[in-house]
Every structure is written in C-alpha cells, then in structure tokens.
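Visitor: I have a model open and want to learn how to read it. Can we go feature by feature?

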Amino acid sequence: MRKTIGALLLGAAALAWGCDKKDAAPAADDSPEAAAPALSEDEKTIYALGAMLGERAVQPLRLSPAEFEVFKDGLASTAHGGTPEYSIEEYGPKFEALMQARAAAGAAEEKAKASGFLAEAEQQEGAVKSASGLVYRTVQPGSGASPGPTDTVKVHYHGTFTDGTVFDSSRERGEPVEFPLNQVIPCWTEGVQKMKVGETARLVCPSDIAYGDAGRPGIPPGATLIFEVELISIKGK
C-alpha cells in the first residue's frame, strides 16, 4: 500500500512540474523559424520520470479526461506545500481499492476484446489448443531436443498484442535471450517445452497464463499476448 501511494505521489510531483513549466513559459513565437527550446539533461530526466510514473502508476487507473483534470488539481494543491481540499489521510486508504477496481474493469474489457481473436487462432491450420488455453502452432519445424520444465533456453522472440502492436521483441533488439523455463510466464513454460531446437512456433497466450488481471508496466490487465518464438539452444544439451 505504501509503495502504491509513494508511486502516485512521485507521479504527482513529476506531473505538477510539467504543469508549472508550461504556465511559466513565455508566449510562443508563431513565426515559422520558431522552435521549442532544447531541454537540459535534468529536464529530460524529469520528463522521463514523469513518463515512467504515468505509465506505471497513473495509466492503470484508466482515468477519463474529466478525472485526469481532477487528478491534476490534486497535484497542484500540494506540489508547493499547499493544503489539499480533500484529506490524504481520509482518502489515501482508498487508493488500493480504486486501483484494483479499475484494473478488474480493464481486464474484463481486454478479455472480451480478445475472445474472437482466440477463437480464430485455434481454428488456424496446425494450431493446437491445450487444456490451459494456450494455442500453439509450429511455424518452422526443428529437429533438435526439447527442453524440460527447469532447463535454461536461448531464444529469439517477437511479442505483440492482438491488434499487432509490438510490446517486446528480442528480434528488434538483435539479441537473443536466455532464461530458465521455470522463471517465466506459464504460457512460455508450457509452450517452449513443446518445441524442438531449431523450431519457430507461435504461442497465443490468454491472460490467465500470461500476466493475469494485474498486468504489468506496458501490458494491460487481462491482455492476451502473442509470441513468435525461435528455440535456438538448450543449455547443457
């Protein structure tokens, strides 16, 4: 609870800085030659802090535009030592319940949006749906060994949401990754064990075997995830 409140308060400080900076700025020059002044390294760091906290602490609240204006009013009320209209001591204990309720609502929406995608995925030629809900399909066969549940594997992967948006990709970074199969999401633990070295497979992971109703930074609660995985090697095999 204290960590949640702390993150929100840090986010408040960062956002309030942005609001104050805008209010203090001189009138814009409308001439074509005018350009925004370059930010200092400190300002860039503060901007990045605000962006990170917005993603991790504020985005999960799923605020409407009107609610976000109320949120900014709260920030401004204390950013420079003022007294808030509504007591932090009284309303602070309600933060966690609000975040949980908003996350649950978001998860339900994500699952509803993904239902058609999942139904279509399991109907694709060669696709197999397991008891957990994983939809597995070989894209390029391999001929090597298959890993066990605690083996460390080296893979390349490309992760997307159901709309095709990329959220993580070792392919794009140009560097494969290694990890033990018992230290990843259940979809990977199950799916990669089905693969053979040299194989590329498509794993469609419902939220129940991905990041669940809580989600994680950059991944919405209840999100279905799609991974194209190439199994490069198994450590020690």
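Visitor: Which residues of H5 are buried?

Guide: This is a predicted model, so read everything below as computed. In H5, the buried residues are Met99, Ala103, Gly106, Ala107, Ala114, Leu118 and Ala121.

Visitor: How do I check the span of helix H5?

Guide: Count residues and allow 1.5 Å for each. Helix H5 covers residues 95–122, which is 28 residues, so it should span 40 Å. Its end C-alpha atoms lie 39 Å apart, and that agrees.

Visitor: Where is the kink in H5 centred?

Guide: On alanine 114, with an angle of about 35 degrees. Alanine 114 is also one of the buried residues of H5.

Visitor: Step back. How many helices and strands does the protein chain have?

Guide: Seven helices and seven strands. Along the sequence the pattern is α-α-α-α-α-β-β-β-β-α-β-α-β-β.

Visitor: What share of the residues is buried?

Guide: Of the 237 residues in the protein chain, 31% are buried. Now look at contacts with a separation of 6 or more: 71% of them are between residues 24 or more positions apart.

Visitor: Now strands. In which sense do S1 and S2 pair?

Guide: To read a pairing, look for the bridges and the direction. Strand S1 (residues 128–129) and strand S2 (residues 135–140) are antiparallel, with two bridges. Valine 128 sits opposite tyrosine 136 in S2. The two strands form a hairpin with five residues between them. In that turn, glycine 133 has a positive phi of about 105 degrees.

Visitor: Which residue of S6 is the bridge partner of tyrosine 136?

Guide: Leucine 203. S2 and S6 run antiparallel and are joined by five bridges. Tyrosine 136 thus appears in two pairings: opposite valine 128, and with leucine 203 in S6.

Visitor: How many bridges pair S3 with strand S4?

Guide: Three, in the antiparallel sense; S4 covers residues 166–169. Glycine 159 has aspartate 168 in S4 as its bridge partner. This hairpin has five residues between the strands, and glycine 164 takes a positive phi near 95 degrees.

Visitor: What about a positive phi in a residue other than glycine?

Guide: Most residues other than glycine have a negative phi. Here, arginine 62 has a phi near 55 degrees. Arginine 62 is in the loop between helix H2 (41–58) and helix H3 (65–78).

Visitor: Why does arginine 62 count as partly exposed?

Guide: Because its relative accessibility is 37%, and partly exposed lies between the 20% and 50% cut-offs.

Visitor: How do I read a core? Which residues touch the most other members?

Guide: In soluble globular proteins, nonpolar side chains tend to be buried together. The largest nonpolar core here has 25 residues. Val153, Val155, Trp188, Val192, Leu203, Phe227 and Val229 touch the most other members. Strand S3 (152–160), H7, S6 and strand S7 (225–234) each give two or more residues to this core. S7 gives the most, with five. Another core, of six residues, lies apart from it; Leu118, Ala121, Val204 and Ile226 are among them.

Visitor: Which residues is valine 153 in contact with, beyond its neighbours within four places in sequence?

Guide: Pro147, Val177, Glu178, Phe179, Leu181, Val192, Leu231, Ser233 and Ile234.

Visitor: Is threonine 200 in S6 buried or exposed?

Guide: Threonine 200 is buried, because its relative accessible area is 12% and the cut-off is under 20%. Leaving out residues up to four places away in sequence, threonine 200 touches Thr138, Val139, Gln140, Met195, Glu228, Val229 and Glu230.

Visitor: And where does alanine 145 lie?

Guide: In the loop between S2 and S3. Alanine 145 is partly exposed, at 38% relative accessible area. Beyond neighbours within four places in sequence, its contacts are Met195, Lys196, Val197, Leu231 and Ile234. Alanine 145 and glutamine 193 are 48 residues apart in sequence, yet 9.7 Å apart C-alpha to C-alpha.

Visitor: Last feature. How many disulfides does a search of the whole structure find?

Guide: One. It joins cysteine 187 to cysteine 205, with 1.9 Å from S to S. The pair links distant parts of the chain, 18 residues apart: cysteine 187 is in helix H7 (residues 186–193) and cysteine 205 is in strand S6 (residues 200–205). Both cysteine 187 and cysteine 205 are buried.

Visitor: What is the handedness of that link?

Guide: Left-handed, with -65 degrees about the S-S bond.

Notes: Residues are numbered from 1 along each chain as its sequence is written. This is a predicted model: local features need pLDDT of at least 70, side-chain atom pairs count only at pLDDT 80 or more; totals for chains, interfaces and linings use all residues. Side-chain values use heavy atoms; hydrogens and water are left out. A disulfide is a pair of cysteine sulfur atoms within 2.5 Å. Helices (H or I, at least four residues) and strands (E, at least two) are DSSP runs, numbered from the N terminus. Buried means under 20% relative accessible area, exposed over 50%, partly exposed in between (1.4 Å probe, protein chains only). The expected span of a helix is 1.5 Å times one less than its number of residues. The bend at a residue is the angle between axes fitted to the seven residues ending there and the seven starting there. Two strands pair if DSSP finds at least two bridges between them. A nonpolar core is a set of buried Ala, Val, Leu, Ile, Met, Phe, Trp, Tyr and Cys residues joined through side-chain atoms within 4.5 Å. Contact means heavy atoms within 4.5 Å.
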